[in-house]
Amino acid sequence: ETAAAASSAPAAGAELENALEAALETGDAEAARRAFYAIWNVSLSEAGTVDELYDGILAVSSLLLRFIQRQGMSARETLREQYPYFQNAKLLTTKEQIRDWLDGSVAAIAESQHRRRKERRHHFVTELLAIAREEIDRDVTLHMAAERLFVNPSYLSRLFKQEMGQTFSAYVLELKMEKAKQALGEGAKVYDAARMVGYRDVSYFTKVFRKFWGVTPGELRQ
């Protein structure tokens, strides 16, 4: 082994570990397993005996446990049937068993993180829906909602469209137009219906309403 190769090995190992952590963070099980197998092939697969594997096993298993701890997850609940081997890896007696254990652990952590991120996504979308409904009589924007939720507006915009199949502004407009139509159908004056859904300029409200429904608010009342 040359000096150059020896000096590059730690850097390559750190880069692969970073890739594994990044994939776990996003809950991407496929990318996490690819990163693990890259680590395995570079650092662990050439070990001649199980004993020679233990330094590498310690590095990977420590990385996984640290990640679980930082996320505030339970190691026992996250790792399930893989958990006992973190307490005693010597229960595994072949390289194949060790590889499958670490592979299964990586997959379990990524899947758990994916579920957690999805629950958080749903929470943000639920908050947005509530803001739109509760503040229908105001000018509600995604940027304003993002500031309240302490979330990046671009992320929130992509998230809402992914979950709801439409943009937040399109959803708010639909909500306002439905509410206005209902109010007018129940006998509300055009001015009052406009105020109910956050429009102070009746002529502008009429223009938006007509574009959305194909009739003016006055025609609908008749």
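This briefing walks through the open and enclosed spaces of the structure, two of its helices and a handful of single residues. The model is a predicted one. Its largest pocket holds about 380 Å³ of space, while the largest cavity holds about 30 Å³. Helix α9 (168-185) is a good one to keep in view, as it helps to line the pocket and also gives the cavity the largest share of its lining.

**The largest pocket**

- A probe the size of a water molecule, rolled over the atoms, shows where empty space is left.
- The lining of the largest pocket is made up of 18 residues.
- Ser-169, Leu-173, Tyr-199, Tyr-204 and Val-208 are the lining residues that lie nearest the centre of the pocket.
- Two elements, α9 (168-185) and α11 (202-213), each give two or more residues to this lining.
- Sorted by class, the pocket lining has 10 nonpolar residues, 3 polar ones and 5 charged ones.

**The enclosed cavity**

- The count comes to 1 cavity of 30 Å³ or more.
- You can find it by its lining, which is formed by Ala-132, Glu-135, Ile-136, Arg-138, Val-140, Val-172, Leu-175 and Lys-176.
- Helix α9 supplies 3 residues, the largest share of that lining.
- The cavity lining has 5 nonpolar and 3 charged residues, with no polar ones.

**Helix α11, which helps to line the pocket**

- Helix α11 has 12 residues, which should span 16 Å at 1.5 Å a residue, and its end C-alpha atoms are indeed 16 Å apart.
- Which residues of α11 are buried? They are Phe-205, Val-208 and Phe-209.
- These buried residues sit on the same side of α11, because they cover an arc of only 100° around the axis.
- In an α-helix there are 3.6 residues a turn, so residues three or four places apart point the same way.
- The other side of α11 carries the exposed residues Ser-203, Lys-207, Arg-210 and Lys-211.
- Among the elements that cover the buried residues of α11 are α9, α10 (190-196) and α12 (217-221).
- Val-208 is worth a second look, since it is buried in α11 and is also one of the residues nearest the centre of the largest pocket.
- Just after α11 comes Gly-214, with a positive phi near 85°.

**Helix α8**

- Helix α8 covers residues 153-164, and these 12 residues reach 16 Å from the first C-alpha to the last, close to the 16 Å expected at 1.5 Å a residue.
- Leu-156, Leu-159 and Phe-160 are the buried residues of α8.
- Looking down the axis of α8, you will see these buried residues within an arc of 100°, so they line one face of the helix.
- Arg-158 and Gln-162 are exposed on the face of α8 turned away from the buried side.
- The cover over the buried residues of α8 includes α6 (95-134), α7 (142-149) and α9.

**Two residues with positive phi**

- Most residues other than glycine have a negative phi.
- Arg-80 has a phi near 50°, a positive value in a residue that is not glycine.
- You will find Arg-80 in the loop between α4 (75-79) and α5 (83-87).
- With a relative accessible area of 40%, Arg-80 is partly exposed.
- Phe-150 is not a glycine either, yet its phi is positive at about 55°.
- Phe-150 belongs to the loop that lies between α7 and α8.
- Is Phe-150 buried or exposed? Phe-150 counts as exposed, because its relative accessibility is 78% and the cut-off for exposed is over 50%.

**Two more residues to look up**

- Ser-61 is found in helix α3 (residues 50-70).
- Ser-61 has a relative accessible area of 8% and is therefore buried, as buried means under 20%.
- Leaving aside residues up to four places away in sequence, Ser-61 touches Phe-86 and Trp-101.
- Glu-96 has its place in helix α6.
- At 44% relative accessibility, Glu-96 counts as partly exposed.
- Glu-96 and Ser-45 are 51 residues apart along the chain, and their C-alpha atoms are separated by 9.7 Å.

Key: Residues are numbered from 1 along each chain as its sequence is written. This is a predicted model: local features need pLDDT of at least 70, side-chain atom pairs count only at pLDDT 80 or more; totals for chains, interfaces and linings use all residues. Side-chain values use heavy atoms; hydrogens and water are left out. On a 1 Å grid over the protein atoms alone, a cavity is a set of points where a 1.4 Å probe fits but cannot get out, and a pocket is an open set with protein on both sides within 12 Å along at least five of seven lines; lining residues have an atom within 4 Å of a point. Grid points are joined across faces, edges and corners, and a volume is the space filled by probe spheres set on the points. Helices (H or I, at least four residues) and strands (E, at least two) are DSSP runs, numbered from the N terminus. Ala, Val, Leu, Ile, Met, Phe, Trp, Tyr, Cys and Pro count as nonpolar, Asp, Glu, Lys and Arg as charged, and the others, Gly among them, as polar. The expected span of a helix is 1.5 Å times one less than its number of residues. Buried means under 20% relative accessible area, exposed over 50%, partly exposed in between (1.4 Å probe, protein chains only). The arc is that of the directions from the helix axis to the C-beta atoms. Contact means heavy atoms within 4.5 Å.
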